Amino acid sequence: MVGLIYGSAALALDSLTPSQLAFIHALPKAELHAHLNGSIPVSELREMALEFNSRTSDKAASDLVHDGITKLQNGVVLDEIYDFFNLFPAIYALTSNPASLGRATRAVLEQFLGGSYPQCTYLELRSTPRETADMSRLDYVRTVLDEVERYPKSRAALIVSLDRKMSAEVIQECVGVASQLKAEGRRVVGVDLCGDPQAGDMNILGEHFADAKKAGLGITLHIAETPANPADETIQLLSYAPDRLGHATFLNDEAKAIVRGNKTCIELCLSSNLLCKTVTKLEDHHIRYYLQHDHPIAICTDDTLPFRTSLTGEYALLLAAQPLGLGLSEGEVRRIAEMSMAARFGQ
Ligand code: IMP
Ligand code: ZN
């Protein structure tokens, strides 16, 4: 199932020749930055919302879900990145017990890995463990893993996300859950730092990332996602020796020198940045900087649900002629796909 896509990625995809499209489909590529609750196919979410609303007598919850799903179905217009985070309470109302979380995870995995032309060869899905009335954080991660592990190791793995708003205790619990499950032989391959780019205290993270590393987990961090992220925060996050970085849109020269020196792979999400307005237009995207310096990158979707994109669509943005795309050659696009495969945590 490819799913419906809209906007820049859809226009780029439409402009490709059949042979260019076949080239993208055949390219071995890894999706390394996809948030579970931001990647549920809208058709699945709509069904889940209908079932939820037929069951609940909580009018406020029913209205929240109805409004949220209507927005997502119609396509959200984001004035700035913070509008984006307000979309999640409606989605979370629908994935708050093991059965619904498992169902959503199955649909996300099928979206990326199923069908005649899978979006990617390998998916490293990420999700933030949530404690609800029906599950602990450990139950949450086990439920997601049960679905991920239906696919072979060469196709799917899980990254446990830490939200910037979490307390030190909850961060410790999440890293503990990830480490414990990895030690049990479950397919957790890394930890991520995500959430509202201006929230949280970045000073509390060091020891927890050190623990995650000791447990053999890879580390990826959303970093410098907005102009409001201070340079000293970026340098501090880099001091935790991440293996990969998400977005890295606003790095200053000092941060760029560290990232290039360490050859840290950057997970780049073109549509996400354009729609959240952290990048004004494709030709100004920081991908150009990394390409010029032959620096490791991976092209990813971030959240296919609100951004209404797909990995095929994001690769179309690389290959399509300007101004619809970046006009890269097939050789350049192949090299980018190879870099994504080389940056997998679960190799
Ligand atoms: P989940 O971790 O499966 O619940 O996926 C949704 C969550 O991912 C959101 O609530 C955010 O915390 C996080 N997220 C999704 N996209 C972004 C992003 O672009 N920047 C930072 N955090 C994000
Ligand atoms: Zn992200």
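## Exercises on strands, helices and loops

Four bridges join strand β5 (residues 218-223) to strand β6 (residues 244-247), and these two strands run parallel. Here two strands pair if DSSP finds at least two bridges between them, while helices (H or I, at least four residues) and strands (E, at least two) are DSSP runs numbered from the N terminus.

This is a predicted model, in which local features need pLDDT of at least 70 and side-chain atom pairs count only at pLDDT 80 or more, whereas totals for chains, interfaces and linings use all residues. Residues are numbered from 1 along each chain as its sequence is written, chains are lettered from A and ligands numbered from 1 in the order in which they are written, and side-chain values use heavy atoms, with hydrogens and water left out.

### Exercise 1: the sheet

Find the order of the eight strands in the open sheet, and decide which strands stand at its edges.

*Solution.* Step one is to follow the pairing, which is parallel and gives the order β1-β2-β3-β4-β5-β6-β7-β8. Step two is to look at the ends of this order: β1 (30-35) and β8 (297-299) each have a single partner strand, so one side of each is left without a neighbour in the sheet. Step three concerns the twist, which averages 25° from one strand to the next; for such angles, axes are lines fitted to C-alpha atoms (for helices over the stretch in contact), and the angle between N-to-C directions runs from 0 to 180 degrees.

Step four goes to single residues. Threonine 220 stands opposite arginine 244 in β6. β6 and β7 pair in the parallel sense over three bridges, and leucine 245 stands opposite isoleucine 266 in β7.

### Exercise 2: the two sides of a strand

Sort the residues of strand β7 (residues 265-268) by the way they point, and decide whether they are buried or exposed.

*Solution.* In a regular strand the side chains alternate between the two faces of the sheet. In β7, Cys265 and Glu267 point one way and Ile266 and Leu268 the other way, and all of them are buried, where buried means under 20% relative accessible area, exposed over 50%, and partly exposed in between (1.4 Å probe, protein chains only). A helix can also lie across strands: α10 (residues 206-214) lies across β3 (156-163), β4 (188-194) and β5, and runs at about 145° to β5.

### Exercise 3: helix α4

Check the length of helix α4 (residues 59-74), and then work out how its buried and exposed residues are placed around it.

*Solution.* Begin with the length: the expected span is 1.5 Å times one less than the number of residues. The 16 residues of α4 should therefore span 22 Å, and the end C-alpha atoms are 22 Å apart, which agrees.

Next, list the buried residues, which are Ala61, Ser62, Val65, Gly68, Ile69 and Leu72. They cover an arc of only 140° around the axis, which puts them on the same side of α4; the arc is that of the directions from the helix axis to the C-beta atoms. An α-helix has 3.6 residues a turn, so residues three or four places apart point the same way. On the other side of α4, Lys59, Ala60 and Asn74 are exposed.

Then ask what covers the buried residues of α4: the elements include α3 (42-55), α6 (88-94) and α15 (304-307), with contact meaning heavy atoms within 4.5 Å.

Finally, inspect the two ends. At the start of α4, a side-chain oxygen of aspartate 58 reaches to within 3.1 Å of the backbone nitrogen of alanine 60. Just after α4, glycine 75 takes a positive phi of about 95°.

### Exercise 4: residues in loops

For lysine 263 and aspartate 302, state the loop in which each is found and whether each is buried or exposed.

*Solution.* Lysine 263 has its place in the loop between α12 (253-262) and β7, and with a relative accessible area of 61% it is exposed. Aspartate 302 is found in the loop between β8 and α15, and at 4% relative accessibility it counts as buried. Neither residue is a glycine, yet phi is positive in lysine 263, at about 50°, and in aspartate 302, at about 75°.

A further loop, between α16 and α17 (330-342), holds proline 323, which a cis peptide bond joins to glutamine 322, with omega at about 5°.

Key
Polar contact = N/O pair within 3.5 Å; in protein donor to acceptor, adjacent residues only side chain to side chain.
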